[in-house]
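This report looks at the strand pairing, the ligand shell and the enclosed spaces of one structure. Please read it alongside the sequence and the coordinates.

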Amino acid sequence: MSRTSCSVQEPGGFLPARHSANVLTSGMRITQARNVRGKVRVPGDKSISHRAAIIGSIAEGVTVISNFGTNADCASTLACLSKLGIRIEREGTILRIFGPGKDGLSAPSDVLDCGNSGTTARLLAGVLAGQTFASTIAGDASLSSRPMNRIIRPLQEMGAVIGSPTGTLPLAIEGKRPLAPIDHRLPVASAQVKSCVLLAGLFTEGTTSVSEPPSESPGPVSRDHTEQMLKAFGAEVTESDAAVGGGSEHTISIGGGSTLEGGMIEVPGDISSAAFLIAAAAGLESSSLQIEDVGLNPTRTAVIEVFGMMGASIEVEEHRSVGGEPLGRISVSGGLERVPGTIVLDESVIANVIDELPVLAVLATLLESGIEVRDASELRRKESDRIAAVVANLKRMGADVEEYDDGFRIGRSDLKGAAVNSFGDHRIAMAFAVAGLFAEGETVIEGAECADVSFPGFFGVLENIVS
Ligand code: S3P
């Protein structure tokens, strides 16, 4: 990796801040590596941090959040909450949110800018739908092209008046109190949409329920941090599973009479950020990497199972649980054991590895028979079209890739360094940093600075552990 002049931010861990990286002008340069070795931490989980800040802002009393995500997306959430009149004090990664209760938000004098963050936009929309004032949610060019009808429709059904002729941001929300409770069936598994409707459900006088698309086994289909946190704050939340067809349908219900009480939250390290480092270690023989205090919520750990299916040697030790969220240490020994046949990831697992698919695709270039990803058309609706981005960048690196409407097939490939693009998408930037470590020669990632959206200091951490 090149060493030039721009300092990058540490996530706070065991590593000395001795690195520097060039992300400003001509793109991030990555060269082939032998291994990654060390003991690191990753920043606080982005999904949990958003929820802690938002739920803390409608709770009564002070919520103290430690290890709050230092990323740009969570900063967007805090900026919006401040505009809604919430007092927030911050000391490093510790946040004190002075929650005024469910009725305590004030009308913003300005548009609420969610930046690049879909979670900010969709979760806040649920809260804003139940307010007695009007507000407007906007975002950057990428977020403004992402589908919002999936939240507009249920919120309209609950009685909110939402203006968006195109079904995208900006959304002008005319709140209503009380909202009408609904039973909503999610057409696509989405934690953001589920959370939006559950949060709006707090502003009804009845019980609102959200059912996830049927799956093979009981339990939540998408990440369940909102349900867990609302329970920890004292909301009346129940979960149930019903047999449908040959499978199971998971439903979460919330009582509109719930009041929330502020408390202490410790945010675990972000497993989706850890996934980039795990992939680098697994793909480079003689690596040895430990990642401390990583969130191990079962709705997020499928990626560890998939790494295992790919032949990676990973040990997970769960240490404790905070606010219903388990956390522990992940240890990786470098090298992939040979696995027979092509690994197929389909509907049964996609929702649980949705954010890790780009880096899994990169690691798959080292597998004898590659990987096939299907039922993942949601990837086209993320911060970039991640199917197109993965396929374009891997092709530039000489990989054997086939694009499908709903996924891709990646065959075993000797990657060659090339000029690739982040497409303005943090997870694409980081996935291709890992690809650069595997590739012969030099890889240059244009627009790599967007890694800050979820993992500020990523390139610095990598530089410290790579040889
Ligand atoms: C998130 C849910 C997922 C995920 C995103 C974070 C969340 O999105 O891709 O990075 O925090 O709820 P969808 O709900 O759109 O699947």
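## Basis and strand pairing

Two strands are said to pair if DSSP finds at least two bridges between them, where strands (E, at least two residues) and helices (H or I, at least four residues) are DSSP runs numbered from the N terminus. The model is predicted, with local features needing pLDDT of at least 70 and side-chain atom pairs counted only at pLDDT 80 or more, whereas totals for chains, interfaces and linings use all residues. Residues are numbered from 1 along each chain as its sequence is written, and side-chain values use heavy atoms, with hydrogens and water left out.

Strand 3 (residues 60-66) and strand 5 (residues 94-100) run antiparallel and are joined by 6 bridges, with I65 standing opposite L95 in strand 5. Strand 3 also pairs with strand 14 (residues 264-266), here in the parallel sense and over 3 bridges, and V64 stands opposite M264 in strand 14. In a regular strand the side chains alternate between the two faces of the sheet.

## The ligand shell

Residues are near the ligand if one of their heavy atoms lies within 4 Å of it, and the residues that surround the ligand are S47, R51, T119, R122, S190, A191, Q192, R223, I354, D355 and K382. By class, this shell has 2 nonpolar, 4 polar and 5 charged residues, where Ala, Val, Leu, Ile, Met, Phe, Trp, Tyr, Cys and Pro count as nonpolar, Asp, Glu, Lys and Arg as charged, and the others, Gly among them, as polar.

Polar contacts with the ligand (pairs of N or O atoms within 3.5 Å) include one in which a polar side-chain atom of R51 lies 2.6 Å from a ligand oxygen atom. A side-chain N or O atom of S47 is 2.7 Å from an oxygen atom of the ligand, while A191 places a backbone N or O atom 3.0 Å from a ligand oxygen. The protein covers 95% of the 390 Å² of accessible area that the ligand has on its own, as given by the Shrake-Rupley method with a 1.4 Å probe. Helix 1 (46-57), helix 3 (118-129) and helix 5 (191-201) are the elements that give two or more residues to this shell.

## Enclosed cavities

A cavity is a set of points, on a 1 Å grid over the protein atoms alone, where a 1.4 Å probe fits but cannot get out, and its lining residues have an atom within 4 Å of a point. The largest cavity holds about 40 Å³ of space, a volume being the space filled by probe spheres set on the points, and its lining includes D45, H225, R300 and E325.

Key. A polar contact is a pair of N or O atoms within 3.5 Å; within protein, one must be able to donate a hydrogen and the other to accept it, and residues adjacent in sequence count only if both atoms are side-chain atoms. On a 1 Å grid over the protein atoms alone, a cavity is a set of points where a 1.4 Å probe fits but cannot get out, and a pocket is an open set with protein on both sides within 12 Å along at least five of seven lines; lining residues have an atom within 4 Å of a point.
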